[in-house]
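User: Could you take me through one part of this model up close? I'd like the ligand site, please.

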Amino acid sequence: MRKAVYPGSFDPITNGHVYIAERSAALFDELVVAVLFNTQKQGTFNIEERKAMAREALIHIPNVHVSSFEGLLVDFMRQERSRIIIRGLRALSDFEYEFQLAQMNRQLAPEIETFFIVTEAQYSYLSSRSVKEVFHFGGSIQGMVPPGVYRRLRERFPPPGLDMR
Ligand code: PNS
């Protein structure tokens, strides 16, 4: 049984994340999408909203389940009995941060390996932060986020003039 963990903030999940989850779920028996619960950082959506959006977006992949963790990723890995961390790579600019993360995790838990999956070109510019910003200023985010995320963004940031009461 090969179990991998795909950790992240997923605030919210984007189509780029969905793509990485699809690719990795095809390679492993089980994939746990692990949403970081950061008590120091509030974020846009709370942990339950992020998990709900991720579950909805990944429902078509049978060997995926969505969970959350607090504290160190390596502790969660050990708790889940998984030795494979999945991270997506978009551009060279991701590399430095990802390299640091992978090295730190290796230092903390040498038995754990980080696997990188290169994203599809069409998602190479996507991030949760940029999607929120574009949406916030009225730009189109069509094709960038799953429908459930779009719906929640509209609820959270109603377009001017739209009465949501
Ligand atoms: O989607 P993100 O924000 O790039 O994901 C980053 C994440 C959640 C993978 C990373 O911040 C993390 O693993 N945090 C948990 C704390 C931890 O284990 N830190 C040690 C490595 S620096």
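How far is an oxygen atom of the ligand from an N or O atom in the side chain of serine 9?

Analyst: That distance is 2.5 Å, from a ligand oxygen to an N or O atom in the serine 9 side chain. Before going on: this is a predicted model, where local features need pLDDT of at least 70, side-chain atom pairs count only at pLDDT 80 or more, and totals for chains, interfaces and linings use all residues. Residues are numbered from 1 along each chain as its sequence is written, and side-chain values use heavy atoms, with hydrogens and water left out.

Polar contacts here are pairs of N or O atoms within 3.5 Å. Besides serine 9, arginine 87 puts a polar side-chain atom 2.9 Å from an oxygen of the ligand, and a polar backbone atom of leucine 73 is 2.8 Å from a ligand oxygen. On its own the ligand has 560 Å² of accessible area (Shrake-Rupley, 1.4 Å probe), and the protein covers 73% of that.

Now the wider shell, counting residues with a heavy atom within 4 Å of the ligand. Among them are Gly8, Leu36, Phe69, Gly71, Tyr97 and Met104. By type, the shell splits into 7 nonpolar residues, 4 polar and 1 charged; Gly goes with the polar group, Tyr and Met with the nonpolar one, and Arg with the charged one. Helix H4, residues 92–108 (helices being DSSP runs of H or I, at least four residues), gives the most to this shell, with 4 residues.

Key
A polar contact is a pair of N or O atoms within 3.5 Å; within protein, one must be able to donate a hydrogen and the other to accept it, and residues adjacent in sequence count only if both atoms are side-chain atoms. Helices (H or I, at least four residues) and strands (E, at least two) are DSSP runs, numbered from the N terminus.
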